[in-house]
Amino acid sequence: MNVDPVELFEIDKCIGRGNFGDVYKAVDRASSTIVAVKVINLEESEEDVDILIQEILFLSQLRSPYITTYYSTYIKDVSLWIIMEYCGGGSCADLLRCYKCLHEDIVAFIIRDVLRGLDYLHSQRKIHRDIKAANILLTNSGQVKIADFGVSGQITNTQLKKHTFVGTPFWMAPEVITRKTGYNEKADIWSLGITTIELINGTPPYSEYPPMEILFKIPKSAPPILVGSEYNEVLKKFVKECLRRNPADRPSAKTLLQHEFLSVEIGNMPLISLIKHKNKWIMRNKFGTRKPRFPLNYNEGIMNNNTPVDWNFSTTRTKDLPIAQSTILENKKKSKNEIGECPEFGIVSRTGKVSAISSSPLVCSDSPRENPSPKSTENISEENSSDLKSSSASIYLPKDINYPNDIISYAFGKIFYRAKKKETKQAVYNLRKIIYDFERQQPGLCEALSEEIFLRMKASKERELR
Amino acid sequence: MAFLFKRNPKTPSELVRVLNDQVTKLDNTNDLKKVQDDTSRYLSQITVILHGDEENVPQPDQISQLAQEVYSTDCLYLLIANLHNLEFNSRKDVSILFTTLLRREIGNRNPTVDHLLSKPKILITLLRGPENSETCLITGAMLRDCIKYEAITKYLLKEPLIWQYFNYSKNGTFENATDAFITLSDLLTVHKKAVAEFFNKNLEKFIFHINNLINLGNYVTKRQAVKLLSQLIMQRSNYHLLQAYVDSPQNLKLIMILLSDKSKNLQIEAFNVFKIFIANPKKSKPILDILIKNRDKLITYLRNFSTDRKENMREFNDEKEFVIQQIEDLPRLIVSNSNSSVDIPNLPNHARQQQQQQQQQQ
């Protein structure tokens with residue numbers, strides 16, 4: 001399970017893109033055989049991983065020559081690599097791109113094998129749910145195989161009818177669209193009828209309408225029929241049988257296999273030559289390679305912008321580490337008196353002079369002043385450290401806070417994140433830088449600013465309470 | 001197949017007897033192909049009796065005859081023990097026989113459930129299924145059908161072999177490992193009461209094994225295992241598991257490491273467990289230590305944490321806000337930095353990068 005598939009398979013090129021992932025042509029290094037690798041990025045996929053796993057488990061239990069063979073699955077980084085049989089002849093949709101439409105005998109040959117595949121699937125209680133030319137693959141030796149079980153669902157005994165909406169509108173049976181009664185394997189028979197028309201005419205019915213309109217049109221309209229002398233009578237009958245409005249009236253795959261339309265004996269030679277010619281045409285037009293939806297970049301990973309966090313799991317216990325009292329402080333009640341000691345907005349220097357900072361743009365000097373207390377001014381003037389330090393707030397704020405870093409820069413960091421516009425972020429950044437520049441000139445500025453904001457907030461809250 | 005049936009009309013009981021005869025020969029025969037062919041033929045005849053075909057509708061009295069003969073012999077055991085000797089399609093016929101019989105009800109009774117509990121060697125053989133990589137998907141599906149019945153689950157949860165499923169889920173091919181995990185997950189989620197009893201006796205062992213899967217598994221195993229863990233912890237009846245899990249700092253470390261995994265989906269699965277550590281009103285000291293020491297990192301991390309999943313977006317955001325609030329309320333450590341010189345700390349990386357980009361643009 002933990003084998004690196006890159007060592008086992010050499011990716012050649014992307015040959016298909018789907019909602020669930022990209023399909024690559026690759027070489028099995030051990031056997032030198034060509035395989036198809038379906039890569040599903042589980043980080044990008046909307047699909048539930050459980051459901052994908054169920055699909056893979058079911059796929060691994062299918063064995064039929066009319067169904068693309070599943071080989072194995074590997075995990076590479078955050079992707080699943082599902083290794084499947086490679087069909088070098090492309091799909092029937094490729095044939096239509098090259099030839100526009102196909103001869104009735106060829107269509108009968110293809111449809112017969114598709115029915116054999118469907119008969120097997122239905123015997124395994126599986127509905128394919130997305131039968132169309134693009135999902136019918138061909139090998140270079142003219143074998144026909146049903147592919148793409150990405151959205152197929154299993155019918156179980158308890159839940160006989162599915163209530164989910166999958167498939168491609170043009171090929172959808174009316175009951176799949178209306179979903180009034182759920183549906184069963186007969187939905188595939190309808191899609192097969194539409195596919196028959198597609199192979200004969202080059203497009204399914206209503207293909208000139210936008211897909212959404214189709215969803216209304218199919219349930220309301222009479223089932224499509226082939227009209228005109230250019231079509232063989234048995235072909236018209238076959239399509240009519242498949243496209244019965246009532247699912248119960250549609251024959252089973254097993255019954256349909258006996259239909260006269262399918263009794264042609266042309267062998268696989270005509271199909272092989274069509275495939276050969278088509279492959280050359282595709283090479284000439286360079287249609288072979290697609291651009292993957294999720295490029296494979298093994299080394300990069302997909303989400304490398306997510307740097308892992310370096311958690312601190314050291315064994316020191318927190319009680320041995322200093323804890324900022326400010327957080328504890330919030331829970332303590334403060335006496336009115338302490339709040340009253342709130343100094344003026346101007347920062348009082350040790351000499352009792354109001355420093356110039358009070359009129360600096362950093363302080364909102366036009367705010368209403370409250371309870372200027374000469375007593376606190378005296379108190380503060382007695383403390384002596386730097387010019388700006390130590391207002392009365394130091395009573396409850398621990399002294400060893402690194403104010404520029406822990407408070408001011410932290411706050412600006414937060415505001416930076418809150419800012420939505422680039423310009424705002426720039427403004428926040430610049431403002432922070434200015435404050436730092438002034439902090440260098442006047443150490444303690446940040447501390448003073450922090451204290452004042454803290455005290456002011458406290459006071460406002462207290463006032464609210466009163 | 002129907003014409004064979006008509007030309008050689010065996011009663012259902014006879015069919016089971018000849019089937020048993022052939023299956024016992026499988027392990028010791030000179031002509032394996034012939035025995036396999038005979039076995040396959042009988043098994044598909046049995047499938048027709050059970051499910052009918054184009055021409056035949058299943059007859060209840062025939063099914064009940066068949067069931068009686070199966071119960072009175074070692075038929076199920078022989079078939080399961082010899083599964084690897086059967087042809088690919090016959091294995092599916094065995095599975096059809098098994099599950100069809102299992103679903104039979106007579107009044108309130110499930111005769112097959114009684115039969116399985118009276119002959120534990122069948123269940124044991126199924127439990128050992130993952131040892132055979134060729135047939136383990138078939139036995140896995142049969143075992144999960146059994147798990148739907150509470151009496152069987154109770155029996156299985158007492159069986160030491162189930163601990164092997166943690167290893168099976170890590171090893172072998174992708175299909176086999178994921179299949180074993182589905183079985184494990186069914187065992188622990190389907191019957192809440194039986195599972196709660198199981199946890200009461202096996203808490204430590206379970207936590208050890210599930211952590212091991214989360215720690216050492218590949219991307220898919222990890223994702224599945226954390227999801228299972230959060231599902232189990234959130235299950236009301238598994239209260240003891242919740243208590244035990246959120247009490248250990250080892251578990252918190254594991255989940256925090258996963259929280260910082262490069263995969264968004266793993267982060268989200270890990271968050272679903274992490275939030276339970278946070279919501280626990282009685283956090284132990286060691287848990288608090290880790291949270292406090294990583295307070296700022298956690299807040300920065302969570303502020304940038306988002307989901308692309310559109311469903312449950314609102315619930316996710318509410319939970320995230322709650323978790324952030326709880327962490328912000330934790331005591332904050334001071335980075336000891338007593339010197340008065342001002343070093344301009346960097347804004348968080350993300351912010352700085354943007355700043356640089358802006359400067360470049362200008």
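Helices, of at least four residues, and strands, of at least two, are DSSP runs numbered from the N terminus. With that in hand, welcome to this predicted model. Chain A has 16 helices and nine strands.

## Chain A at a glance

Chain A holds 466 residues, and 50% of them count as buried. Among its contacts with a separation of 6 or more, 69% are between residues 24 or more positions apart. The chain is divided into domain 1, covering 5-154 + 168-285, and domain 2, covering 403-455. If you look for the C-alpha centres of these two domains of chain A, you will find them 63 Å apart.

## A sheet of five strands

A good place to begin is the open sheet of chain A, where five strands follow the order S1-S2-S3-S5-S4 with antiparallel pairing. At the edges are strand S1 (9-17) and strand S4 (70-76) of chain A, each of which pairs on one side only. From one strand to the next, the twist averages 30 degrees. As general background, strands of a sheet pair through backbone hydrogen bonds, either parallel or antiparallel.

The table below walks across the sheet, pair by pair.

| Strand pair | Sense | Bridges |
|---|---|---|
| S1(A) and S2(A) | antiparallel | seven bridges |
| S2(A) and S3(A) | antiparallel | six bridges |
| S3(A) and S5(A) | antiparallel | seven bridges |
| S4(A) and S5(A) | antiparallel | six bridges |

Now for some individual residues. Starting from S1(A), A:Lys13 stands opposite A:Lys25 in S2(A). Strand S2 of chain A spans residues 22-28 and is mostly covered, with five of its seven residues buried. A:Ala26 stands opposite A:Val35 in S3(A). S2(A) and S3(A) form a hairpin with five residues between them, and A:Ser32 in that turn has a positive phi of about 60 degrees.

On the other side of the sheet order comes strand S5 of chain A, residues 79-85, which pairs with S4(A). How many of the seven residues of S5(A) are buried? Seven of the seven are, so S5(A) is largely enclosed by the rest of the structure. For a residue to count as buried, its relative accessible area must be under 20%.

Several bridge partners can be picked out in S5(A). A:Trp81 is the partner of A:Val39, and A:Tyr74 also stands opposite A:Trp81. A:Ile83, in turn, is the bridge partner of A:Ser72. S4(A) and S5(A) form a hairpin as well, with two residues between them, and A:Asp77 in the turn has a positive phi of about 55 degrees.

## What packs on the sheet

Helix H2 of chain A, residues 49-60, packs on the sheet and touches strand S3 (34-41), S4 and S5 of chain A. The direction of H2 makes about 150 degrees with that of S4(A). Chain B contributes too: H12(B) lies across S4 and S5 of chain A, running at about 75 degrees to S4(A).

Between H2 and S4 of chain A there is a loop, and A:Pro65 lies in it. Is A:Pro65 buried or partly exposed? Its relative accessibility is 49%, so A:Pro65 counts as partly exposed. Leaving aside residues up to four places away in sequence, A:Pro65 touches A:Val144 and A:Lys145. A:His103 is 38 residues from A:Pro65 along the chain, and their C-alpha atoms are separated by 24 Å.

## Over to chain B

The helix that lies across S4 and S5 of chain A, H12(B), also meets a helix of chain B. Helix H12 (residues 174-189) and helix H13 (residues 192-216) of chain B have axes that come within 10 Å and cross at roughly 140 degrees. H12(B) and H13(B) are therefore oblique to each other. On the H12(B) side of this contact are B:Phe181, B:Leu187, B:Leu188 and B:Thr189, while H13(B) brings B:Lys192, B:Val195, B:Phe198, B:Phe199, B:Phe206 and B:Leu213. These residues divide into eight nonpolar, one polar and one charged.

A last stop is helix H18 of chain B, residues 285-293, where B:Ile287, B:Asp289, B:Ile290, B:Leu291, B:Ile292 and B:Lys293 are buried. The buried residues of H18(B) pack against helix H16 (249-259), helix H17 (264-279) and helix H19 (295-303) of chain B.

Notes. Residues are numbered from 1 along each chain as its sequence is written. Chains are lettered from A and ligands numbered from 1 in the order in which they are written. This is a predicted model: local features need pLDDT of at least 70, side-chain atom pairs count only at pLDDT 80 or more; totals for chains, interfaces and linings use all residues. Side-chain values use heavy atoms; hydrogens and water are left out. Axes are lines fitted to C-alpha atoms, for helices over the stretch in contact, and angles run from 0 to 180 degrees between N-to-C directions. Angles under 35 degrees count as roughly parallel, over 145 as roughly antiparallel, 65 to 115 as roughly perpendicular and the rest as oblique. Contact means heavy atoms within 4.5 Å. Ala, Val, Leu, Ile, Met, Phe, Trp, Tyr, Cys and Pro count as nonpolar, Asp, Glu, Lys and Arg as charged, and the others, Gly among them, as polar. Two strands pair if DSSP finds at least two bridges between them. Buried means under 20% relative accessible area, exposed over 50%, partly exposed in between (1.4 Å probe, protein chains only). Domain bounds come from an automatic or database domain assignment.
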